[in-house]
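Biologist: I'd like to learn how to read a model like this one. Could you walk me through it?

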Amino acid sequence: MKALVLAGGSGTRLRPITYTSAKQLLPVANKPVLFYGLEAIRDTGITEVGIVVGDTAPEIQRVVGDGSAFGLDVTYIRQDAPLGLAHAILVSRGYLGDDDFVMYLGDNFIVGGITPFTRQFHRDRPTAQIMLTRVPDPRAFGVVELDAAGRVAGLEEKPEHPKSDLALVGVYLFTPAIHDAVAALKPSWRNELEITEAIQWLVDTGHEVSSAVISGYWKDTGNVEDMLEVNRLVLEGLEPRGTVDDSCEVIGRVVVEEGAIVTGSRIVGPVIVGRGTRVTGSYLGPFTSIAEDCVIADSEIEYSIVLRGASIRGVRRIEASLIGREADVTLAPKVPNAHRLVLGDHSRVQISA
């Protein structure tokens with residue numbers, strides 16, 4: 001069995017961060033989201049992994065390399081444009097050959113991994129196996145309708161009027177029959193080859209498509225709110241380590257990586273501070289990840305993710321934020337009744353008074 005990891009999306013919902021960084025490499029607890037997926041694949045015993053890449057290919061190749069750091073053999077597959085999940089299978093046909101494979105969306109996060117689902121697939125041998133979860137607003141997802149016996153009856157991509165609250169999770173298991181389904185597709189109204197339509201083709205032509213509703217935690221880390229939520233979840237499992245200056249107060253699960261310096265500060269975990277970062281005279285609140293080589297001075301921050309090399313000085317208070325690499329956040333001069341902003345495309349700003 002092989003794995004196909006999709007890492008070619010542009011991450012429009014995470015702009016402006018993703019103008020300069022692949023969304024799959026944004027960190028959760030100081031580790032790229034993509035790494036969690038690669039580790040989950042490795043834990044199933046799969047070693048051959050094809051990673052579908054697009055415009056951010058050089059960055060992903062630089063970070064992941066040949067996959068040996070994960071115990072994997074990685075091959076990169078170019079997708080010239082993000083034309084749908086089924087299109088990713090189409091361009092990967094030569095790599096996949098006649099092998100079964102698991103397709104894993106590189107920006108998805110699943111607690112507990114996928115090993116139980118691959119074992120079930122090997123045991124039951126359906127043509128395809130999909131994972132489902134109940135969501136409050138299915139309109140943003142591929143939606144699955146089950147019949148009275150619990151069998152997959154219909155699938156629809158981002159429907160305006162969903163027929164159920166069961167959304168497709170970004171992990172799929174297929175036999176080679178999926179290639180016939182993909183070959184039969186035409187572009188949808190979104191000008192994409194939809195994986196929902198490919199699976200529907202399997203259902204309509206008499207193939208067995210099994211499903212399982214997952215009870216564990218799943219997130220598509222496609223926006224800031226979901227990134228922060230996944231970061232919170234991972235930080236809750238931290239094992240404390242590292243040291244701080246005697247002038248500090250530390251409460252709860254706190255990780256201070258080697259080479260980080262924390263002085264005169266109060267830290268309420270769970271918090272992780274990356275190597276080479278300096279924290280002085282500050283407050284780091286729960287569910288905060290500070291990446292490597294940052295500077296946090298005379299500031300307060302909680303429930304946030306701060307990327308590599310960022311600097312925050314003299315600011316009170318920051319929360320529920322995602323701060324990009326090498327960003328510089330400082331206290332503005334007191335100018336009455338005015339705000340001075342320098343914003344990138346697609347930015348979102350909230351200003352009180």
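**Reading the model, feature by feature**

Modeller: Sure. Of the 353 residues in the protein chain, 51% are buried. Keep in mind that this is a predicted model.

Biologist: What does the chain expose, and how much of that do carbon and sulfur atoms supply?

Modeller: The exposed area comes to about 16,700 Å², with 48% of it from carbon and sulfur atoms.

Biologist: And how many helices and strands are there?

Modeller: The chain has eight helices and 28 strands. As for contacts, take those with a separation of 6 or more: 50% of them are between residues 24 or more positions apart.

Biologist: Let's go inside. How do I read a nonpolar core?

Modeller: The general idea is that in soluble globular proteins, nonpolar side chains tend to be buried together. Here, the largest nonpolar core has 34 residues, and I89, I130 and F174 touch the most other members. Helix α7, residues 195–204, gives this core its largest share, five residues.

Biologist: Which residues is I89 in contact with, leaving aside its neighbours within four places in sequence?

Modeller: The list is L4, L96, F101, M103, F174, I178, H179, V182 and I195. There is also another core, apart from that one, with 31 residues; L25, L34, Y104 and I114 are among them.

Biologist: Now the strands. How should I read a sheet?

Modeller: Look at the order of the strands and the direction of their pairing. One open sheet here has five strands in the order β14-β17-β20-β23-β26, and the pairing is parallel.

Biologist: Why is one side of β14 and of β26 left without a neighbour in the sheet?

Modeller: β14 (249–251) and β26 (318–319) stand at the edges with a single partner strand each, so one side of each has no neighbour in the sheet. Further in, parallel strands β17 (residues 266–268) and β20 (residues 283–284) are joined by two bridges. If you want a residue pair to click on, I267 has L284 in β20 as its bridge partner.

Biologist: Let me try a single residue. Is S289 buried or exposed?

Modeller: S289 is buried, because its relative accessible area is 1% and the cut-off for buried is under 20%. S289 sits in strand β21, residues 288–290.

Biologist: What does the side chain of S289 meet there?

Modeller: A polar contact of 2.8 Å links it to the side chain of N231. Beyond four places in sequence, the contacts of S289 are A29, N30, N231, L235, I272, S304, I305 and V306.

Biologist: What about charged residues?

Modeller: General idea again: side chains of opposite charge can pair when their charged atoms come close. A search of the whole structure turns up 25 salt bridges. One of them pairs D55 with R78, at 3.5 Å from N to O. That pair links distant parts of the chain, 23 residues apart: D55 is in the loop between β4 (48–53) and α2 (57–64), while R78 is in strand β5, residues 73–78.

Biologist: How exposed are these two?

Modeller: D55 counts as exposed at 67% relative accessibility, whereas R78 is partly exposed at 43%.

Biologist: Where are the partners in the salt bridge between R316 and E300?

Modeller: The closest N and O atoms of R316 and E300 are 3.3 Å apart. R316 lies in the loop between β25 (311–313) and β26, and E300 lies in strand β23 (residues 300–302), with their positions 16 residues apart in the chain. R316 is exposed, with a relative accessible area of 52%, and E300 is partly exposed at 21%.

Biologist: Which residues do salt bridges that share partners join into one network?

Modeller: E157, K158, R190, E192 and E194. Within that group, R190 and E194 form a salt bridge with their closest N and O atoms 2.9 Å apart. R190 is partly exposed, at 25% relative accessible area, but E194 counts as buried at 4%.

Biologist: One last case: where is G113?

Modeller: G113 is in the loop between β7 (108–110) and α5 (115–124), and G113 is buried, with a relative accessible area of 17%. Compare sequence and space here: G113 and R42 are 71 residues apart in sequence, and their C-alpha atoms are 9.9 Å apart.

Technical notes
Residues numbered from 1 in each chain as written. Predicted model: local features only at pLDDT ≥ 70, side-chain atom pairs only at ≥ 80, totals over all residues. Heavy atoms only, no water. Core = buried A, V, L, I, M, F, W, Y, C linked by side-chain atoms within 4.5 Å. Buried < 20%, exposed > 50% of the residue type's maximum accessible area, 1.4 Å probe, protein only. Helix = DSSP H or I, 4+ residues; strand = E, 2+ residues; numbered from the N terminus. Contact = heavy atoms within 4.5 Å. Areas by Shrake-Rupley, 256 points an atom, 1.4 Å probe, with all protein chains shown as cover. Pairing = 2+ DSSP bridges. Polar contact = N/O pair within 3.5 Å; in protein donor to acceptor, adjacent residues only side chain to side chain. Salt bridge = Lys/Arg side-chain N within 4 Å of Asp/Glu carboxyl O.
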